[in-house]
Every structure is written in structure tokens, then in C-alpha cells.
Amino acid sequence: MAFAETFKALSDPVRREILQLLKNGKMSAGEIGGHFDMTGATISYHLKILKKADLVWETKVKNFVYYELNTTVVEELLLWLSDLKGERMMKGEERKEFLKEYKMSLIFGSILTISPSLAGILLWNRLPEKIATHFDQHNLANGWSSKPMAVFGIPFLLLLIHLFCVFFTANDPKRKNINRRIFTMVLWLVPVVSVITCMSIYGLALGMDIDIGVIVNIMVGIMFIILGNYVHKVKQNYTVGMKLPWTLNSEENWNRTNRMTGWILILSGLLFLMNSLLLKTEIVFAVILLVILVPMIYSFILYKKGI
């Protein structure tokens, strides 16, 4: 972060008041100007300086331009000031404090991830020796596992994936750029998937009328919509977001690509929800290609333009 630009932006009381206004959410230049007795050109000048200092983000919606507060830079500034006072902890201690803050969520999330094993033990005598664990688009089983694998293997495999995701997110060198809501989602994503998936498998094994295709499409759709609402606000890091050579090389490329990715994820989530009624494999493949290829191509185009 260029602190010179930041201090320049914060030196003016008008710009500080604009930041105060943006604490409440997105605002257009006209809405911001309505709080000041000055021309639109002057407001645009102040917004330009704030944007250059990366204190605000600019988002275009049709014919309107909206501005929102970039709290990450403020957090970086506070960390830098803490360095001056000699209060910043060493990285190892900082990581411990970070994990300590989420200790209870990590513990309960891990317990929730393997909780289907407890349900499986209670249902052990009612479950068949071979349990269907993989299904085609017509809800027909095409893969089976032994009872121990279904009851213990799948939940504990998901627990390893859960701990893997938490470990690498917590140890990201740019962890401070991952906001709290995103990290909270990392903590609870796999546990929720574990419960829904395993309990659905048990239900089918017990003869319940459950459509796995419907459940999976709804679950993935909701997950994509939630992720899409947050990914556009994530600053450069190595764990969460659209991590490409061009986005990691340029902060502006990262911001633009992940803003687009956010909208694509929301659209994809809606398509998955729609597909819970249609259950078309073609839609699933089309959505996967959409999520992967469009942001990648867009980021490369920005790179070729020098962004």
C-alpha cells in the first residue's frame, strides 16, 4: 500500500467526511455530493484522490457509478501504525491469535463435520452392508461403499478436507486481505456439506424418497450465491478468489476479475437452483465452464490491455 497517497487523501476534512458517509454502504457521486455545498466537479476530484489511494472502490452499474469503502487499506494502515509503536506481534504469534479468535468455530465445525458418524452408529443395525454413495442425474445409484466407509470414511475424509482448507487459509501470507465473513464461510462450508450429504445417503439407504440431484443442485446453488456476494470484496491473496497469473500480478486486474467472478457465481447459483427442477447434466457442465473460462478470459484480456 502507498502510504503517501493514503495520508494525502486523509489530510483533507472533506475526504474524511466522504469516508464517514461510505461507512453506511455504497453511494453514487450524486448522493455523496448532496451532503456538501460544492460542485460535482469538486466531489469528483475528491473521489478520484480517494480511489487513487485505494480507500474506496468504484463500481459501475448501467449508467451509474457507485463508491464503497475499502476497509482493508484502513486495516493495513492500523497495522503499520502499530509497527511504529512496537505493538505488532511476530508472525507466529499473530497466527496463533488469529486461530485463537476462531477456536470455538473450528472445534464446533470439526465436530459437525464428523457428526454423521455418530448418526451412522445409532443407525448401524438398520443400514445395509453396501450403501449407495454415488448417483447419476436420474437419481440412480452407480457407486457403492461398505458400511464402515460410508459411516466413518466419508465424514473423516471431509474432516481432513475441512482442516486442510482452514490451515492454508490461516497461513496465507496475505491473510489480512481475506475478510472475516469469507473466513467464517471457510470454517462452516465443509461441515454443512458433510451433514447434508451423509444424512441424504443414510436416508436413501433406509428407503426414504430423497432425490440427491435436487439436494446437490440446491446446495451448490446456495453456496455459489453466498460466495458470489463476498468474493468481489476480497483483496489479493493466495487462497480465496480467482487466483490467476494475471490477477496475482496486478491488484487492479484482481479487483476487476473478482468483481466479475462475483456476478458470475451469483448467476451460476441461480442456474443451479433452476436445475434442481430440470436436473440436466448439460446445465451443470455449462455452468462449470462459465465459472472457470469467463473470468480467466476476462483477466487475460485485461492483462493484454496493460491492466
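The following conversation concerns the strands and salt bridges of a predicted model.

Reader: What kind of model is this, and how are residues numbered?
Author: This is a predicted model, in which local features need pLDDT of at least 70, side-chain atom pairs count only at pLDDT 80 or more, and totals for chains, interfaces and linings use all residues. Residues are numbered from 1 along each chain as its sequence is written, and side-chain values use heavy atoms, with hydrogens and water left out.

Reader: What is the strand order in the open sheet of three strands?
Author: The order is β1-β3-β2, with antiparallel pairing. Strands (E, at least two residues) and helices (H or I, at least four) are DSSP runs numbered from the N terminus, and two strands pair if DSSP finds at least two bridges between them.

Reader: Which strands stand at the edges?
Author: β1 (27–28) and β2 (56–61) do; each has a single partner strand, so one side of each lacks a neighbour in the sheet.

Reader: Which helix packs on that sheet?
Author: Helix α2 (residues 13–22) touches β1, β2 and β3, where contact means heavy atoms within 4.5 Å. The direction of α2 makes about 90° with that of β3; axes are lines fitted to C-alpha atoms, for helices over the stretch in contact, and angles run from 0 to 180 degrees between N-to-C directions.

Reader: Which residue in β3 is the bridge partner of Ser28?
Author: Tyr66 is the partner of Ser28. Two bridges join β1 to β3 (residues 64–69).

Reader: Turning to β4 and β5, what do they form?
Author: They form a hairpin with five residues between them, and Asn139 in the turn has a positive phi of about 65°. Five bridges join β4 (residues 130–135) to β5 (residues 141–146).

Reader: How many salt bridges are there?
Author: The count comes to five, a salt bridge being a side-chain nitrogen of Lys or Arg within 4 Å of a carboxyl oxygen of Asp or Glu.

Reader: Is Lys235, which pairs with Glu251, buried or exposed?
Author: Lys235 is buried, with a relative accessible area of 3%, whereas Glu251 is partly exposed at 35%. Buried means under 20% relative accessible area, exposed over 50%, and partly exposed in between (1.4 Å probe, protein chains only). The closest N and O atoms of Glu251 and Lys235 are 2.9 Å apart.

Reader: Which residues are linked in a network of salt bridges?
Author: Asp54, Lys235 and Glu251 are linked in this way.
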